[in-house]
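This report describes selected features of one protein model, with attention to helix packing and backbone geometry. Please consult the sequence and coordinates alongside the text.

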Amino acid sequence: MTKTIKVALAGAGAFGIKHLDGIRKIDGVEVVSLVGRRLEPTQEVAAQYGIGHVTTNLAEALALPEVDAVILCTPTQMHAAQAIQCMQAGKHVQVEIPLADSWVEAQAVLDVQQQTGKVAMVGHTRRFNPSHQWVHQQIEAGAFNIQQMDVQTYFFRRTNMNALGQARSWTDHLLWHHAAHTVDLFAYQAGSPIVKANAVQGLIHKDLGIAMDMSIQLKAANGAICTLSLSFNNDGPLGTFFRYIGDTGTYIARYDDLVNGKEEKIDVSQVDVSMNGIELQDREFFAAIREGREPNSSVQQVLPCYRVLHELEQQLNAD
């Protein structure tokens, strides 16, 4: 496929804008339709990025014959059904993390992908951040093996606001959204499936109806372990911080930055063509479409993560 890939992007909020910024830097790709929940703010974003078609109806965008692919940055609860809708309309799809918020829905997306043969990718961005790519390259070269990962995912989010400080129309989730990043990354970096998983959670927020604190333990078949702490109650610093403890060193990844255990900076600027993980994620999606291949972070590759999340949810519900 050599022609320009024409894209519809659904979800003009904080994360949709991150994708629009990334796509601007990728040759041979054009966003031709923007789908949003409310028309007027969606039109404003479309005007900023030169997008000609604006709608509040995903089906309207899917009906455009020129659209080759769709990126879904919509609320979590819509991801699985919309990914299926896109593929059944003949479009390739990249759905932002999480793929689904249930095991049944995650499996259903894979079933449709296998039926249609469309490229279907999930936004597990940590696979693409240069810091984590650098560690993965060391593992692939046999120079580093993970013994333990210690991960902190911390936010201060006691009201239902997004990353831009705007009110959300849906509720975020520590398990199905934020833990998904680490559960997938741990198995990916360890190169071994997760065989044991435990979780406990704190108090349920009286208004949001979700746990605000959570602790997860994981063990891979090769013996590597992972400890993950998550909180919406942490008043800084915010974000996710990964400590890789291995047989030949210790590395700490903070988004696209990487240091060793002595806090000495490691240059990851040459790991890939960009330092922007979202842009790199989108580049992989479009490359897979052009080359007719399975992308890194395909639905099939990340599905085991959602099985683990399902098992953890069952544990938490039983408690």
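The sections below treat helices, their contacts, backbone features and long-range separations in turn.

## Basis of the report

The structure is a predicted model. Residue numbers run from 1 along each chain as its sequence is written.

## Helix α7: length, bend and burial

Helix α7 covers residues 174-190 and has 17 residues. At 1.5 Å a residue, α7 should span 24 Å, and the distance of 22 Å between its end C-alpha atoms agrees with that expectation. The helix nevertheless contains a kink of about 45°, and this bend is centred on A180.

As for its surroundings, 15 of the 17 residues of α7 are buried, so the helix is largely enclosed by the rest of the structure. Immediately following α7, G191 adopts a positive phi of about 65°.

## Packing of α7 against α9

The partner of α7 considered here is helix α9, formed by residues 299-318. The two helices pack at an angle of about 125°, and their axes lie 10 Å apart. An angle between 115 and 145 degrees falls outside the parallel, antiparallel and perpendicular classes, and α7 and α9 are therefore oblique to each other. The crossing of α7 with α9 is right-handed.

On the α7 side, the contact is formed by L175, W176, A179, A180, V183 and D184. A180 is thus named both in this contact and as the centre of the kink. On the α9 side, the contributing residues are V302, C305, Y306, V308, L309, H310, L312, E313 and L316. An α-helix has 3.6 residues a turn, so residues three or four places apart point the same way.

## Packing of α1 against α8

A second helix pair consists of α1, residues 14-23, and α8, residues 277-291. Their packing angle is about 70°, with 8 Å between the axes. Since angles of 65 to 115 degrees count as roughly perpendicular, α1 is placed roughly perpendicular to α8. This crossing, too, is right-handed.

From α1, the residues in contact are F15, K18, H19, G22 and I23. Those from α8 are I278, E279, Q281, D282 and F286.

## Helix α4 and its neighbours

Helix α4 spans residues 79-88 and is mostly covered, with seven of its 10 residues buried. The buried positions are H79, A80, Q82, A83, I84, C86 and M87.

These buried residues pack against both helices and strands: α3, β4, β5 (92-96), α5 (103-116) and β6 (120-123). Just beyond the end of α4, G90 has a positive phi of about 90°.

## Cis peptide bonds

Where do the cis peptide bonds described here occur? One joins I97 and P98, with omega of about 0°. P98 belongs to the loop between β5 and α5.

Another cis bond runs from G236 to P237, where omega is near -10°. P237 is situated in the loop between β10 (225-231) and β11 (239-246).

## Positive phi outside glycine

E263 and S297 are both residues other than glycine with a positive phi: the value is near 65° for E263 and near 75° for S297. E263 occupies the loop between β13 (257-260) and α8, whereas S297 is in the loop between α8 and α9.

Are these two residues buried or exposed? E263 is partly exposed, its relative accessible area being 44%. S297 counts as buried, at 0% relative accessibility.

## The loop between α3 and β4

P65 lies in the loop that links α3 (58-62) to β4 (69-72), and D68 is found in the loop between α3 and β4 as well. P65 is exposed, with a relative accessible area of 72%. D68 has a relative accessible area of 13%, which is under the 20% cut-off, so D68 is buried.

Both residues also serve as reference points for separations across the model. The C-alpha atoms of P65 and E264 are 51 Å apart, with their positions 199 residues apart along the chain. For D68 and L238, 170 residues apart along the chain, the C-alpha separation is 37 Å.

How values were computed. Predicted model: local features only at pLDDT ≥ 70, side-chain atom pairs only at ≥ 80, totals over all residues. Heavy atoms only, no water. Helix = DSSP H or I, 4+ residues; strand = E, 2+ residues; numbered from the N terminus. Expected span 1.5 Å × (residues − 1). Bend = angle between axes of the 7 residues up to and from the residue. Buried < 20%, exposed > 50% of the residue type's maximum accessible area, 1.4 Å probe, protein only. Axes fitted to C-alpha atoms, helices over the stretch in contact; angles between N-to-C directions. Parallel < 35°, antiparallel > 145°, perpendicular 65-115°, else oblique. Left-handed = near helix turned anticlockwise from the far one by under 90°. Contact = heavy atoms within 4.5 Å.
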